[in-house]
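Dear colleague,

I am handing over a structure for you to look at, and my notes on what was found in it follow directly below. Please read them alongside the coordinates.

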Amino acid sequence: MQLHSQLLGTGHYVPEQIVTNNDLTAFMETSDAWIQERTGIKERRFFKEGVDTVSNMGAKAAQMALANAKIEAKEIDLIVFATLSPDYAFPGAGVLLQCELGVPNIPALDIRQQCAGFIYALSVADQFIKTGMYKTVLVVGSEIQSNIMELSDRGRNMAVIFGDGAGAVVLKATTENKGVLSTHLHADGTHAEELMLEHPGSRSKTRVTTEMIENGALLPVMNGQGVFKQAVQKFPEVIKEALDANNLQTTDISLLIPHQANLRIAEYVQKQLKLEDHQVFNNIQKYGNTTAASIPIALSEAVQEGRLKSGDLLCLAAFGSGFVWASALVRY
């Protein structure tokens, strides 16, 4: 009897504070038109200091997912938490989420695969369910990134893109022919320095100094053109890989939810795959790039808006720092 990972419930949480493109003009030389033209982003959410944390935002998204799944937190067998911005350097955010939900003793894994983190986490959860080791798994993606961005001309290229938020799904074992059909994971570390936060880290062979803080060495860096070039190649490839593995075509896709990195990337991928507008879901306009949280937030909103019905073919795809990229096909 083959087990499948059914997508039982979805949820999301975003901080209350809305930061528009016009708001950012108070800190840096930019404009609403400039940001929208290059990224498609109109606004993003910033966490409330002293209130929002990565783990408690994840808990709020999880509670919504659990309610939609009509199950209680005590039924969770495993937590898989994807984030690049945990509450602490250690321990991981998974155990803190466990405390927030009041479910001691169950295992909690942290996944550090940046923008592809949620699909990696989904794949890990799916393997545990397929083997029969766990029956109900909570998968969460949550990020607070606005606190590592500098709102200045120096930090502009990164600061205008990223936002904060959390999303979650509940997976449950089923013998019905539905749920996760397959996941496809890839990585290529030769491009690791194209998008990274170098300091503090052991690779630099030096401790953090005042001079490093002053010259911006503690800020994330990105080769935007290099990332874009790789993303528009890997997105279609990994989507087609998933379809080929299941003997399906792009016309079979009911809804594609790409990682919300840049609306221009999503539009390029849609054109390459010849997908209609109703087949693709984007919400980067409202939230910016929320990294590991972007897909589960978008998925939760798509469900809320009635964009998915039973039997639909859902495709998830992501590309990000590492470089890492991944896709998943789900029979909703």
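Contact, as the word is used in these notes, means heavy atoms within 4.5 Å. The model is a predicted one, in which local features need pLDDT of at least 70 and side-chain atom pairs count only at pLDDT 80 or more, while totals for chains, interfaces and linings use all residues. Residues are numbered from 1 along each chain as its sequence is written, and side-chain values use heavy atoms, with hydrogens and water left out.

Annotated sites

UniProt, in an unreviewed entry, places the feature "active site" at Cys115, His259 and Asn289; UniProt positions are given in the numbering used here, feature names are shortened, and annotations may be inferred rather than shown by experiment. These three residues are spread over 175 residues of sequence, yet they cluster in space, with a largest C-alpha distance of 8.8 Å. From this set, Cys115 is part of the lining of the largest pocket.

His259 lies in the loop between β11 (255–258) and α9 (263–273), where helices (H or I, at least four residues) and strands (E, at least two) are DSSP runs numbered from the N terminus. His259 counts as buried because its relative accessibility is 3%; buried means under 20% relative accessible area, exposed over 50%, and partly exposed in between, with a 1.4 Å probe and protein chains only. Leaving out residues up to four places away in sequence, His259 touches a set of residues that includes Cys115, Asn289 and Phe319.

The same kind of unreviewed entry in UniProt places the feature "domain: Beta-ketoacyl-[acyl-carrier-protein] synthase III N-terminal" at residues 109–189. That span is 22% helix and 37% strand, and its end C-alpha atoms lie 22 Å apart.

Ala292 and Gln114

Ala292 is found in the loop between α10 (284–287) and α11 (294–304), and with a relative accessibility of 1% it counts as buried. Apart from neighbours within four places in sequence, Ala292 is in contact with Ala82, Thr83, Gln114, Cys115, Phe118, Gly141 and Glu143. Of Ala292 and Phe118 it can be added that they are 174 residues apart in sequence but 5.3 Å apart in space, C-alpha to C-alpha.

Gln114 has its place in the loop between β5 (108–111) and α5 (117–130). Although Gln114 is not a glycine, it has a positive phi of about 50°, and at 16% relative accessibility it counts as buried. Asn247, in the loop between α8 and β11, is another residue other than glycine with a positive phi, here near 55°, but Asn247 counts as exposed, at 70% relative accessibility.

The aromatic cluster

A search of the whole structure finds three aromatic pairs. Rings of Phe, Tyr and Trp (its six-membered ring) pair if their centres lie within 6.5 Å, and planes under 30 degrees apart count as stacked, over 60 as edge-to-face and the rest as tilted. The rings of Phe319 and Phe323 have centres 4.9 Å apart and planes at 45°, so this pair is tilted. Phe319 and Trp325 also form a tilted pair, at 6.3 Å centre to centre and with 35° between the planes. Ring pairs thus link Phe319, Phe323 and Trp325 into a cluster. Phe319 and Phe323 are both buried, and Trp325 is buried too, with a relative accessible area of 9%.

Phe323 is found in the loop between β12 (313–320) and β13 (324–331), and the peptide bond joining Gly322 and Phe323 is cis, with omega about -20°. Gln230, in helix α8 (residues 224–245), touches His191, Phe319 and Phe323 when residues up to four places away in sequence are not counted.

A second cis peptide bond to check

The peptide bond from Phe90 to Pro91 is cis, with omega near 0°, and Pro91 lies in the loop between β4 (78–82) and α4.

With kind regards

Conventions:
On a 1 Å grid over the protein atoms alone, a cavity is a set of points where a 1.4 Å probe fits but cannot get out, and a pocket is an open set with protein on both sides within 12 Å along at least five of seven lines; lining residues have an atom within 4 Å of a point.
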